[in-house]
Amino acid sequence: MLLLGAPDLDKQAAHQLYVHIVNDIRHAAAGKRGIRQKKNVPGGGGSAEDLARLNAAYRTAFQQVVRGHAEAASVARARRVLDATAALYRLNVWTEGAAGAVGIMAAALASPDSSVYGKAMRFFLNIEEQKDQEEKAKMENTYKVEINYHKFSKKTRKRNHSIDKQKHTRTKKQKERDCKDFYELPAHSNDRGAAVSRRLYPAMELITDPQGVAERCLKLLRAAGAGGSAGIKFETKLLVMNFTTRLVGNHALLLLGLYPLLTKHLGGGHQRGVAALLAYCVQACHDGVPPQELHGLLRTIATNFVTERCSGETMAVGINTLRAILCRYPSVLAEENITDADGSGVAMEVGAFVWDLCGYSIH
């Protein structure tokens, strides 16, 4: 395990070691007794109990590598361990919850290194899509039938019958594939709220302490915005925002400092990555958030994206964002949720905002 990510290993040797460990864990988790005996590894026998101990030993070793990296070599080793963990999860190994791949990835979220916690966040955001793509490729290979037309052979009755039989088999396989509706993807453009997103991100639902993870991510974003020692790239900041807002929306967390931070980053249509930021605003909204926390966010979106000075594309993005937020939290503009503390007629302002939004949508 200590050789994973070692700087003195060449690329081919490191890849062979990586493949060996992944296959070893996959066989041990499946209870296969065909793996070779291990003399220096705990649980190196061939019985079911020994394989279970071997599987547990690998999990413990992975956890230790992820939690205890500080030097450059340890960081490289931790990244390699995370790659192996993601590969095992795609193979439906260690999918049982906090004790498996999700627990190792959740531990990596607390890493001070951006390359380590970035891998963990991408795992939670993209692993299900990767599994779907691999399943799609597997289905393609399953239903793919090659026909031998005997182009360079003498045409005989037997070979013609063989070609007809292969065509019939291909037609049958295509009908089976069409009946499975495998290519019918969900309509992501029609937002149905956090309930649908939970089904799209099942690995994120298995995190045991989502509130603590979200607070650490928010602290990281604040430190990065302050320009201190935790300064990170803009792409990494977007990744952290994406993960944090998705986590808040899926678990219906109460993270009040997140919404002023999102409002601060919405500077208008010229803002870098503004489309992604608007999507993150929608992800972070649920009916457990106090309405007063979202009023400023709605006002900022309406001011910067739904005005006469904006282009048609910018207004369309702003209107769709506001509509998605209101679909997730319809009562955010209810009369009892509108405060008029300064006597400036905020209720009338919100009413005018709703009418203007409806007018722009019709237009």
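1. Start with Phe123, since several things meet there. In this predicted model, Phe123 is buried, with a relative accessible area of 4%. Its ring partner Tyr89 also counts as buried, at 5% relative accessibility. How are the two rings arranged, stacked or edge-to-face? Their centres are 5.2 Å apart and the planes stand at 75°, and since angles over 60 degrees count as edge-to-face, that is what the pair is. This contact links distant parts of the chain: Tyr89 belongs to helix 3 (residues 72–90) and Phe123 to helix 5 (residues 114–142), with their positions 34 residues apart in sequence.

2. Now look at the ring pair made by Phe124 and Phe243. Here the centres are 5.9 Å apart and the planes make an angle of 40°, so this pair is tilted. Phe124 sits in helix 5 while Phe243 sits in helix 10 (residues 234–251), so the contact ties together parts that are 119 residues apart in sequence. Both Phe124 and Phe243 are buried.

3. Put those two points together and you get a cluster: ring pairs link Tyr89, Phe123, Phe124 and Phe243. The count of aromatic pairs comes to 4. Helix 3 and helix 5 are brought together by Tyr89 and Phe123, and helix 5 and helix 10 by Phe124 and Phe243.

4. A ring with a charge over it is worth a look too. The charged end of Arg80 sits over the ring of Tyr18, at 4.4 Å from the ring centre.

5. Moving along the chain, what is the backbone doing at Trp94? This residue is in the loop between helix 3 and helix 4. Its phi is near 60°, a positive value in a residue other than glycine. Trp94 is also buried, with a relative accessible area of 2%.

6. Ala252 makes a nice contrast with Trp94 in terms of exposure. Its phi is positive as well, near 50°, and again the residue is not glycine. You'll find Ala252 in the loop between helix 10 and helix 11. With a relative accessible area of 40%, Ala252 is partly exposed, whereas Trp94 is buried.

7. How many of the residues of helix 4 (residues 101–108) are buried? The count is 8 of 8, so to speak a mostly covered helix. The buried residues are Ala101, Val102, Gly103, Ile104, Met105, Ala106, Ala107 and Ala108.

8. Helix 11 (residues 258–265) has Leu258, Tyr259, Leu261, Leu262 and His265 as its buried residues. Why do they line one face of the helix? Seen down the axis of helix 11, they fall within an arc of 160°, so one face is what they line.

9. Pro210 is placed in helix 9 (residues 210–226). Pro210 is buried, with a relative accessible area of 14%. Check its position against Asn250: the two are 40 residues apart in sequence, and their C-alpha atoms are 9.7 Å apart in space.

10. Last, a helix pair. Two packed helices are described by the angle between their axes and the distance between the axes. For helix 13 (residues 291–305) and helix 14 (residues 312–328), the axes come within 9 Å and cross at roughly 165°. Angles over 145 count as roughly antiparallel, and helix 13 and helix 14 are therefore roughly antiparallel to each other. As for handedness, the crossing of helix 13 and helix 14 is left-handed.

Notes:
Residues are numbered from 1 along each chain as its sequence is written. This is a predicted model: local features need pLDDT of at least 70, side-chain atom pairs count only at pLDDT 80 or more; totals for chains, interfaces and linings use all residues. Side-chain values use heavy atoms; hydrogens and water are left out. Buried means under 20% relative accessible area, exposed over 50%, partly exposed in between (1.4 Å probe, protein chains only). Helices (H or I, at least four residues) and strands (E, at least two) are DSSP runs, numbered from the N terminus. The arc is that of the directions from the helix axis to the C-beta atoms. Rings of Phe, Tyr and Trp (its six-membered ring) pair if their centres lie within 6.5 Å; planes under 30 degrees apart count as stacked, over 60 as edge-to-face and the rest as tilted. A charge sits over a ring if NZ of Lys or CZ of Arg is within 6 Å of the ring centre and within 35 degrees of the ring normal. Axes are lines fitted to C-alpha atoms, for helices over the stretch in contact, and angles run from 0 to 180 degrees between N-to-C directions. Angles under 35 degrees count as roughly parallel, over 145 as roughly antiparallel, 65 to 115 as roughly perpendicular and the rest as oblique. A crossing is left-handed if the near helix is turned anticlockwise from the far one by less than a right angle, and right-handed if clockwise.
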